[in-house]
Structure formats: structure tokens, C-alpha cells
Amino acid sequence: MFTITAVVEGQRITGTPAAFVFPGGESQVTVPANLQAQADAASAFRIHALLKSADDVMQLLMLTDALRRLNPGVPVHLDMPYVPYARQDRVCNPGEALGAAVFCKLINDQQYATVTVVEPHSDVTPALLQRLRVVDAAAFLKNALAAPAFAQGVTLMAPDAGARKRVQALAKTLGVADVRYAEKVRDTQTGRITETRVPDDIPDQPVLVVDDICDGGRTFLELAAALGDKTRQPLYLYVTHGIFSKGLAELNARYAGIFTAYDWTDATGANAPVLVNIEN
């Protein structure tokens, strides 16, 4: 999903480019006519790109080229909430690529004036991307914590060691006193979770599991099962990037509510995630 904003004499003009894939697999994009007409007068372009596939990545590069052909002297800014390949931030097994480095080089090569991302998963991506601005999850999580379910208190739960520092910082920023940490053991060859450990001292109040990404959701299903032996309080889930590639049915069966800033499913109805990104 792409939108483009052009700044013309202090005014913002927004449009949605046409993007498609030829039968042979190649991508093409076209800047909308209203922005083409204003391109010569623009002082800046901004691309908002929610990248969900390799086709989206290629279309972003094509769109960047198209804008620069319309007005080569204008700075192009990139808003990229989700960073593809950010989870491939280390080489776990011989013969693998460092996906984060490959992707970040592609972005750096475009020479964007600024690159804005939301919750980039680890410290590796910020170290690799140039001219970077990072948005943390505090505002989104604050919106989630305003739900009536948490009016009498809440325990934030980090699902694994990777989320520990992130949840600690968010709890401090938002003034949440009760924080607990789970641990998971994963087979590096298969990616399968072999064990989930949770603490015994879970306070008698709702638990909100907090993480940056939910892809298939296995981490959160295993955690819910482990928490079932420790608390009878309702469980809730907050993730900034809700990919939900396996759907929402199993998660909804385990969690009383799901909150996300970016819902890739565009789900609607009573079982859809609660969007906590006010821009949505």
C-alpha cells in the first residue's frame, strides 16, 4: 500500500499511485495525475509505504525513480512503518544471508532525505539504515491501555528475551508498574518453539502481552497456554505490526482482545483487532 504526498507552496497534496505486476513478474508504477501536474512546483515528496511483499519492495524502488524523473531536484522522504527483513538480523546457520543488511543497503542506495520506521525489531536495523527516524510504540500502547479492561490495573508481559528491553522502556514511559517476562526456547534449524517459561508471580489483574510483530502467532499461542497455568485473569495482546499470516481465529480463542497499530488483514467485525494507530 502506497500513498504519496507532495508539498507545494506549503500545502500538502496526496495521491495513490497505480501499481501492478506484469504476467512475467515485473512491476510497474504510475504517479497519479494530480501529483504529476504539481511535480514541478513541489518542494518535497513523501512516500508512505507499508511493504508486505517482495513486489512491494520493487514497486517502492520504481516509485522513487518515477518521482525523481518528474522533479530531480526535490528531496524524497520515506515513511516505512514495517521494515522487511528486520527479523533476519543475524546469521544463525552457515550459508545463510544477512537479510537485514541486504534490504537496508537497497534503501540506503535510494538516498532518501529521511527514512521513518516504526518499531524496527532490534538495534541492528537502526545501525544499518541511514538518515533514520525511529517511532516507538509508546503512543500506540497508550491508546491500548486506555481500554476499559485495564481501568483497574494491568500487567505487561514480554513474550521473550528479545522483547524484554522494549517492554521495560515502554512500561517506564507509560508509568506501568507491573511487568513480567517470559522466555522461549527455539530450535534455530526449524524455528520451532520447544518451550515457553513464565514466572509464577503473576498479579491478579489482566495481562497484556506486548511485542512488535505478530506473524503466524505461534509465540503468542504458546505463551497463552503457559500463562493458563499461572493466572485466571483475561489475556490481551498488543503488537505494533499485525501481520497475522495464519489468521486470527486461534489468537481470538486464547486472547480476550487484540490491539495493533498496523493490521495487515484489514479485518472487520467483532473479532477484528482494535486499531490503536490514530492515523488509521
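A residue is called buried when its relative accessible area is under 20%, exposed when that value is over 50%, and partly exposed in between. Keep this scale in mind while you move through the structure, which is a predicted model.

**First stop: a pair joining a loop and a helix.** Side chains of opposite charge can pair when their charged atoms come close. A search of the whole structure finds 13 salt bridges, and a good place to begin is with aspartate 123 and lysine 165, whose side chains form a salt bridge with an N to O distance of 3.1 Å. Aspartate 123 lies in the loop between strand S7 (115–118) and helix H4 (124–128), whereas lysine 165 belongs to helix H6 (residues 161–174), so that the pair, 42 residues apart, links distant parts of the chain. If you display the surface, look for both aspartate 123 and lysine 165 there, as both are exposed.

**Second stop: a buried pair.** Stay on helix H6 and select arginine 166 together with aspartate 212, which lies in strand S13 (residues 207–214), 46 residues apart from its partner. These two residues form a salt bridge in which the closest N and O atoms are 3.7 Å apart. Is arginine 166 buried or exposed? Its relative accessible area is 14%, and because this is under 20%, arginine 166 counts as buried. Aspartate 212 is buried as well, with a relative accessible area of 2%.

**Third stop: two strands.** Now select glutamate 183 in strand S11 (residues 183–186) and arginine 197 in strand S12 (residues 193–197), a pair 14 residues apart that links distant parts of the chain. Their side chains meet in a salt bridge, with 3.6 Å from N to O. Glutamate 183 has a relative accessible area of 45% and is therefore partly exposed, and arginine 197, at 39% relative accessibility, is also counted as partly exposed.

Before leaving the salt bridges, select Glu119, Arg166, Asp211 and Asp212, which are joined into one network by salt bridges that share partners.

**Last stop: the two sides of helix H3.** In helix H3 (residues 99–108), colour the buried residues, which are Gly99, Ala100, Phe103, Cys104, Ile107 and Asn108. Because these residues cover an arc of only 160° around the axis, they lie on the same side of H3. What do the buried residues of H3 pack against? Show helix H2 (54–70), strand S6 (76–79), S7 and H4, and you will have their packing partners in view. Finally, turn to the face of H3 directed away from its buried side, where you will find the exposed residues Val102 and Lys105.

Key
Residues are numbered from 1 along each chain as its sequence is written. This is a predicted model: local features need pLDDT of at least 70, side-chain atom pairs count only at pLDDT 80 or more; totals for chains, interfaces and linings use all residues. Side-chain values use heavy atoms; hydrogens and water are left out. A salt bridge is a side-chain nitrogen of Lys or Arg within 4 Å of a carboxyl oxygen of Asp or Glu. Helices (H or I, at least four residues) and strands (E, at least two) are DSSP runs, numbered from the N terminus. Buried means under 20% relative accessible area, exposed over 50%, partly exposed in between (1.4 Å probe, protein chains only). The arc is that of the directions from the helix axis to the C-beta atoms. Contact means heavy atoms within 4.5 Å.
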